[in-house]
Amino acid sequence: MTSKAARFDEILTIIQNIIADLTGNEIEDVDPQYDLEEDLNITPVDFKRIISTLNSYFDIELDLSEIDDEIETVTELSVLVQDESELG
């Protein structure tokens, strides 16, 4: 596994845990391919809290207004966080 792939797996696991913690979903129910809204019932308030937590945890600056309509799945959110964290 390349270091980029390993880093992605690490980020994905962290995001799955954050989603589970903030939404009450069980960690095993936070499948990477699941739709945040449809499958995990994440509300706009939940999404805002998730983004705020990710910004703090990864020391990044995701702008909720810019990504709200772009991110649908756990994987897409993980890719975005990885990209942002690599940019520094």
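In the predicted model, the chain carries 4 positive and 24 negative charges, and the mean positions of these two groups lie 7 Å apart. The accessible surface of the chain amounts to about 5,400 Å². Of this surface, 44% belongs to carbon and sulfur atoms.

The secondary structure consists of 4 helices and 0 strands. Along the sequence, these elements follow the pattern α-α-α-α. The C-alpha atoms occupy a box of roughly 30 × 30 × 20 Å when its sides are taken along the principal axes. For 88 residues, a compact globule would be expected to have a radius of gyration near 12 Å; the chain has 12 Å, and therefore agrees with that expectation.

The packing of the chain was examined through burial and contacts. Of the 88 residues, 38% count as buried. Among contacts between residues at least 6 apart in sequence, 57% join residues that are at least 24 apart.

At the level of a single residue, Asn55 was considered in its surroundings. Asn55 belongs to helix 2, which spans residues 44–58. The relative accessible area of Asn55 is 17%. Because residues under 20% relative accessible area are classed as buried, Asn55 is assigned to the buried class. When its neighbours within four places in sequence are left aside, Asn55 is in contact with Ile60, Glu61 and Leu62.

Key
Residues are numbered from 1 along each chain as its sequence is written. This is a predicted model: local features need pLDDT of at least 70, side-chain atom pairs count only at pLDDT 80 or more; totals for chains, interfaces and linings use all residues. Side-chain values use heavy atoms; hydrogens and water are left out. Helices (H or I, at least four residues) and strands (E, at least two) are DSSP runs, numbered from the N terminus. Buried means under 20% relative accessible area, exposed over 50%, partly exposed in between (1.4 Å probe, protein chains only). Contact means heavy atoms within 4.5 Å. The radius of gyration is taken over C-alpha atoms; the globule rule is 2.2 Å times the number of residues to the power 0.38. Accessible areas come from the Shrake-Rupley method with a 1.4 Å probe; for residues, only the protein chains shown count as cover. Lys and Arg count as positive and Asp and Glu as negative; His and the chain ends are not counted. The place of a charge is taken as NZ of Lys, CZ of Arg, CG of Asp or CD of Glu.
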